[in-house]
Amino acid sequence: MWGLVRLLLAWLGGWGCIGYLAAPARAWAGSRKGPGPALLRTRRSWVWNQFFVIEEYAGPEPVLIGKLHSDVDRGEGRTKYLLTGEGAGTVFVIDEATGNIHVTKSLDREEKAQYVLLAQAVDRASNRPLEPPSEFIIKVQDINDNPPIFPLGPYHATVPEMSNVGTSVIQVTAHDADDPSYGNSAKLVYTVLDGLPFFSVDPQTGVVRTAIPNMDRETQEEFLVVIQAKDMGGHMGGLSGSTTVTVTLSDVNDNPPKFPQSLYQFSVVETAGPGTLVGRLQAQDPDLGDNALMAYSILDGEGSEAFSISTDAQGRDGLLTVRKPLDFESCHSYAFRVEATNTLIDPAYLRRGPFKDVASVRIAVQDAPEPPAFTQAAYHLAVPENKAPGTLVGQVSATDLDSPASPIRYSILPHSDAERCFSIEPEDGTIRTAVPLDREAHVWHNLTVLATELDSSAQASRVQVAIQTLDKNDNAPQLAEPYDTFVCDSAAPGQLIQVIRALDRDEAGNSSRVSLQGPLGPDANFTVRDNRDGSASLLLPSRPAPPRQTPYLVPIELWDWGTPALSSTATVTVSMCRCRPDGSVASCRPEAQLSPAGLSTGALLAIVTCVGTLLALVVLFVALRHQKQEALMVLEEEDVRENIITYDDEGGGEEDTEAFDISALQNPDGAALPAPGPPARRDVLPRSRAPRQPRPPGPADVAQLLALRLSEADEDPSVPPYDSVQVYGYEGRGSSCGSLSSLGSEAGTPGPTEPLDDWGPLFRTLAELYGAKEPPAP
């Protein structure tokens, strides 16, 4: 018999559901018609539906969400209900006696949407299962508790300026954590909160588009758009979230270049060379990057030849530069037009063109001091060689462009005419030769002529003058090289012996055409045939030359065809030799004749031996002499001796007391006056001498005494004219100890006679020196 299966669902306060379940206590048996044993089938004892729990409920007590009941339970208290699975015992608890299931805390569907549990009825006493376990699910019912969010926000987008209406900018996407399958909690609608009327958004997809045409980047480059996403389909009570979209307008070439002024004026000095910057032109283009690149060109006027314009490295400004040298005297100013054009033009915006602009340019040329200008950029002059010094070569001329009447001074730079071959007239620039020129030595002379203004030496210019030396027939022809040849004694008549070539140093022409001629007549030993190309062939005549001991000397006459014609004579040496069958030389007759008359081998060996012996003796002699010189040099270095200077004057020895006046070294109080008579010195010629002045009476004054002695020495004619150093052993009378000199001591022993200890602490060191006692002798 089936048990009672009842399911009771009731709303409790509008937030939850309660499920009630009754299960049969017995299995049921089925039968089928026909023979055979009956089939038994056990059905589930539980008939179970899902339970629902509303999320975020936070009541004061656990909430009943369902009830378990089995037919086995007779209400006797013997049945115990068990609950296992996810959240059992913590989130969900069951009353073991009644089977009521309660939820104990608030649940969040976004954390866990459902719980799977296992219900079982067992005997309370033995824990024996009364029913097979049954699995059931508790789902957490969603509520609108999560606002939409933009996980990728804030957004940044770029759209070209001047885009059409409806151009897609970017798509924004919001996410709602609520259950999209239950109600409208996750149904989102997009709207623009800030950014109108420039942009719009699709309510369903979130695609942001442009809402107005011709948005200009130069007017406003960046826009901040606020997009809102609201759930519940955008109805009242829905939650919302917002994000920002920063839209930047990218640049397109929709603006042509424009000169800020219609006329530009510049000035440049006439001495400015090609490439000199004159000025800068800047056309304005509000576009960016490549859309603002410009090219400049000169349209018309005379400026296109004198000036050029180019674009700077950034491609924005036009650089106006000098194209060719300027001349203030020829043209004072230039006027022309300059055009600026965009290099990259977008065909979509041609209607906003033309993408170019034109401005006028006027350039004033300023006068500047200029150096003299030569009439030619370079001079080419010519002069014949061998002309006498002073021969006119040519003339150079220069003028002062600023003042044509100003005089010019000419000179030749020394380094360009190192040999001083030319001179120039400083006033008129006439160039003349200074020495005779030789074309064969130098064909060209390259001079540098300097022209300087007389009133301003800083203004100078140079010019190259090339002077060519013209040729004259002043060199006789000669053989190209010395010829020394041979002929076999078995050679046939008419055989070619040697080709002889001539050389003429003069310039090509009749002067360089050379003819050659040999000895004529039937008795000539050799024949010379002129080849008429500056060479001749030396042939063996029909009657061969007789053999001879010495070589033949064949005279050759050479002459040119210049005016006047010059000639010379040369000699070709021909030896008669004995040849092998292959034509190679075996021996020549001069060498064969020298062999019998020469020396024998023994004689040659004797001569060589004698020469070697003589060389050995010479080497030995040189070595011995060198060794002796080294020995003498060593003795001379070791011999240290004094230089003895001999005088004709002989002293008197120790008894000679007149050679020096010792009284000058004595105490002036004890010095005696010198006796009158001849001078005391013997090393000078005796001459009259003024008597020494007596010392003034009274206390001795050292300064006065020195002045007196100096005066005597200056006035003494017997003294040689050199300085004399005199030493005075005098000490002043201001000291209580008197003189310490031994010169005035009567005892003859140095030192004072009274004790030094009584003199005070200043003389303590001196007392120790004089008061030291020598140790007694052992």
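The following exercises, with worked solutions, concern a predicted model.

Residues are numbered from 1 along each chain as its sequence is written. Local features need pLDDT of at least 70, side-chain atom pairs count only at pLDDT 80 or more, totals for chains, interfaces and linings use all residues, and side-chain values use heavy atoms, with hydrogens and water left out.

**Exercise 1.** Describe the setting of S423.

*Solution.*
- Step 1: S423 belongs to strand β31, residues 422-424; strands (E, at least two residues) and helices (H or I, at least four) are DSSP runs numbered from the N terminus.
- Step 2: S423 is partly exposed because its relative accessibility is 36%; buried means under 20% relative accessible area, exposed over 50%, and partly exposed in between, with a 1.4 Å probe and protein chains only.
- Step 3: Leaving aside residues up to four places away in sequence, S423 touches I412, T430, I431 and R432, where contact means heavy atoms within 4.5 Å.
- Step 4: Of these partners, I412 is 11 residues from S423 in sequence, with a C-alpha to C-alpha separation of 7.5 Å.

**Exercise 2.** Determine the strand order and pairing of the open sheet that contains β27 and β30.

*Solution.*
- Step 1: The order of the 4 strands is β27-β34-β33-β30, with mixed pairing; two strands pair if DSSP finds at least two bridges between them.
- Step 2: β27 (378-384) and β30 (408-412) are the edge strands, each pairing on one side only.
- Step 3: On average, neighbouring strands of this sheet are turned by 30 degrees against each other, direction ignored; axes are lines fitted to C-alpha atoms, and angles run from 0 to 180 degrees between N-to-C directions.
- Step 4: The pairing of β27 with β34 (residues 460-470) is parallel and spans 7 bridges.
- Step 5: A378 has Q464 in β34 as its bridge partner.

**Exercise 3.** Carry out the corresponding analysis for the open sheet that contains β12 and β14.

*Solution.*
- Step 1: Here 4 strands follow the order β12-β18-β17-β14, and the pairing is mixed.
- Step 2: The edges are β12 (155-160) and β14 (189-194), each of which pairs on one side only.
- Step 3: The average turn between neighbouring strands of this sheet is 35 degrees, direction ignored.
- Step 4: β12 pairs with β18 (residues 240-250) in the parallel sense over 6 bridges.
- Step 5: Opposite H156 stands T246 in β18.

**Exercise 4.** Place L615 in its helix and classify its exposure.

*Solution.*
- Step 1: L615 is located in helix α3, residues 601-638.
- Step 2: L615 counts as exposed because its relative accessibility is 53%.
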